[in-house]
Amino acid sequence: MDSTKLLVSPINKQINLELHAAHIYNSVYCYLQSDSIGFIGTAEFFKKSSDEENEHARKFMEYQNTRGGKVILVTDEKGNSKINSKKI
(Lines give C-alpha, C1' and ligand atoms only; values in the text may rest on other atoms or scores of the structure.)
Protein backbone atom coordinates (compact mmCIF):
# COMPACT_ATOMS: atom_id res chain seq x y z
CA MET A 1 0.00 0.00 0.00
CA ASP A 2 1.44 3.38 -0.92
CA SER A 3 1.93 6.13 1.62
CA THR A 4 -0.85 8.33 0.17
CA LYS A 5 -3.53 5.71 0.92
CA LEU A 6 -1.96 4.97 4.29
CA LEU A 7 -2.19 8.63 5.36
CA VAL A 8 -5.72 9.45 4.15
CA SER A 9 -7.48 8.33 7.33
CA PRO A 10 -5.09 9.92 9.86
CA ILE A 11 -5.09 13.21 7.93
CA ASN A 12 -8.89 13.22 7.81
CA LYS A 13 -8.96 12.59 11.55
CA GLN A 14 -6.63 15.55 12.11
CA ILE A 15 -8.75 17.78 9.83
CA ASN A 16 -11.83 16.96 11.86
CA LEU A 17 -10.03 17.53 15.16
CA GLU A 18 -8.88 20.96 13.96
CA LEU A 19 -12.41 21.88 12.85
CA HIS A 20 -13.87 20.65 16.11
CA ALA A 21 -11.41 22.77 18.09
CA ALA A 22 -12.27 25.78 15.91
CA HIS A 23 -15.95 25.22 16.61
CA ILE A 24 -15.39 25.02 20.37
CA TYR A 25 -13.23 28.17 20.37
CA ASN A 26 -15.84 29.99 18.30
CA SER A 27 -18.54 28.96 20.77
CA VAL A 28 -16.49 30.30 23.66
CA TYR A 29 -15.85 33.51 21.69
CA CYS A 30 -19.59 34.05 21.18
CA TYR A 31 -20.33 33.35 24.82
CA LEU A 32 -17.68 35.71 26.17
CA GLN A 33 -18.48 38.44 23.64
CA SER A 34 -22.20 38.55 24.50
CA ASP A 35 -23.61 41.64 26.24
CA SER A 36 -24.40 39.66 29.40
CA ILE A 37 -20.76 38.52 29.82
CA GLY A 38 -18.74 41.22 28.06
CA PHE A 39 -15.20 39.84 28.26
CA ILE A 40 -14.26 41.37 24.92
CA GLY A 41 -10.49 40.95 25.20
CA THR A 42 -10.75 37.31 26.22
CA ALA A 43 -13.37 36.75 23.53
CA GLU A 44 -10.96 38.09 20.89
CA PHE A 45 -8.34 35.57 22.04
CA PHE A 46 -10.78 32.72 21.37
CA LYS A 47 -11.80 34.23 18.03
CA LYS A 48 -8.15 34.31 16.96
CA SER A 49 -7.69 30.74 18.22
CA SER A 50 -10.71 29.62 16.18
CA ASP A 51 -9.31 31.29 13.07
CA GLU A 52 -5.96 29.56 13.60
CA GLU A 53 -7.58 26.13 13.95
CA ASN A 54 -9.60 26.71 10.77
CA GLU A 55 -6.41 27.64 8.94
CA HIS A 56 -4.72 24.45 10.17
CA ALA A 57 -7.67 22.42 8.87
CA ARG A 58 -7.54 24.19 5.49
CA LYS A 59 -3.84 23.41 5.16
CA PHE A 60 -4.45 19.73 5.87
CA MET A 61 -7.35 19.72 3.39
CA GLU A 62 -5.18 21.26 0.69
CA TYR A 63 -2.45 18.73 1.42
CA GLN A 64 -4.93 15.86 1.30
CA ASN A 65 -6.29 17.05 -2.05
CA THR A 66 -2.88 17.60 -3.64
CA ARG A 67 -1.74 14.13 -2.58
CA GLY A 68 -4.72 12.41 -4.20
CA GLY A 69 -6.60 11.70 -0.99
CA LYS A 70 -10.26 12.39 -0.30
CA VAL A 71 -11.26 14.85 2.41
CA ILE A 72 -14.04 13.46 4.61
CA LEU A 73 -15.64 15.87 7.06
CA VAL A 74 -17.59 14.50 10.01
CA THR A 75 -20.27 16.48 11.83
CA ASP A 76 -21.56 15.95 15.33
CA GLU A 77 -25.32 15.98 14.98
CA LYS A 78 -25.77 15.66 18.74
CA GLY A 79 -24.78 19.28 19.34
CA ASN A 80 -22.25 18.33 22.01
CA SER A 81 -20.34 21.58 21.68
CA LYS A 82 -23.16 23.74 23.04
CA ILE A 83 -21.94 25.93 25.84
CA ASN A 84 -24.07 26.16 28.91
CA SER A 85 -23.28 29.14 31.11
CA LYS A 86 -23.63 26.98 34.22
CA LYS A 87 -20.75 24.77 33.05
CA ILE A 88 -18.26 27.61 32.71
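Helices are DSSP runs of H or I that span at least four residues, and they are numbered from the N terminus. By this definition, I40 is found in helix 2. The legends below describe a predicted model.

**Figure 1. Overview of the predicted protein, with its two helices and zero strands.** The two helices are helix 1 (3–33) and helix 2 (40–66). Of the 88 residues of the protein, 25% count as buried. The accessible surface comes to about 6600 Å², and carbon and sulfur atoms account for 54% of that surface. Among contacts between residues at least 6 apart in sequence, 71% join residues at least 24 apart.

**Figure 2. Close-up of I40 in helix 2.** Is I40 buried, partly exposed or exposed? The relative accessibility of I40 is 46%, and partly exposed residues lie between the limits of 20% and 50%, so I40 counts as partly exposed. Leaving aside neighbours within four places in sequence, I40 is in contact with L32 and Q33. The view also includes C30, which stands 10 residues from I40 along the chain; the C-alpha atoms of the two residues are separated by 9.8 Å.

**Figure 3. Close-up of the salt bridge between R58 and E55.** The structure holds one salt bridge. In this salt bridge the side chains of R58 and E55 meet, with a distance of 2.8 Å from N to O. Where do the two partners lie? Both R58 and E55 belong to helix 2, and they are three residues apart, about one turn of the helix. R58 has a relative accessible area of 40% and is partly exposed. E55, at 33% relative accessibility, likewise counts as partly exposed.

**Figure 4. Close-up of the largest cavity, with a volume of about 50 Å³.** Rolling a probe the size of a water molecule over the atoms shows where empty space is left. The count comes to one cavity of 30 Å³ or more. Which residues line the largest cavity? The lining consists of S3, T4, L7, I11, Y63, Q64 and R67. Helix 1 and helix 2 are the elements that give two or more residues to this lining. The largest share, four residues, comes from helix 1. By class, the lining has three nonpolar, three polar and one charged residues.

**Figure 5. Close-up of Q64 in helix 2.** Q64 is one of the residues that line the largest cavity. Is Q64 buried or exposed? The relative accessible area of Q64 is 2%, and the limit for a buried residue is under 20%, so Q64 is buried. Leaving aside neighbours within four places in sequence, Q64 is in contact with L7, V8, I11, N12, G69, K70 and V71. Among these contacts, L7 and I11 also line the largest cavity.

**Figure 6. Close-up of L73 in the segment after helix 2.** L73 has a relative accessibility of 49% and counts as partly exposed, because the exposed class requires over 50%. Which residues does L73 touch, not counting those up to four places away in sequence? L73 touches I15, N16, L19 and M61. K13 is also included in the view: K13 and L73 are 60 residues apart along the chain, and their C-alpha atoms are separated by 8.7 Å.

Key:
Residues numbered from 1 in each chain as written. Predicted model: local features only at pLDDT ≥ 70, side-chain atom pairs only at ≥ 80, totals over all residues. Heavy atoms only, no water. Buried < 20%, exposed > 50% of the residue type's maximum accessible area, 1.4 Å probe, protein only. Contact = heavy atoms within 4.5 Å. Areas by Shrake-Rupley, 256 points an atom, 1.4 Å probe, with all protein chains shown as cover. 1 Å grid on protein atoms, 1.4 Å probe; cavity = no way out; pocket = protein on both sides within 12 Å on 5 of 7 lines; lining within 4 Å. Points joined across faces, edges and corners; volume = space filled by probe spheres on them. Nonpolar A, V, L, I, M, F, W, Y, C, P; charged D, E, K, R; others polar. Salt bridge = Lys/Arg side-chain N within 4 Å of Asp/Glu carboxyl O.
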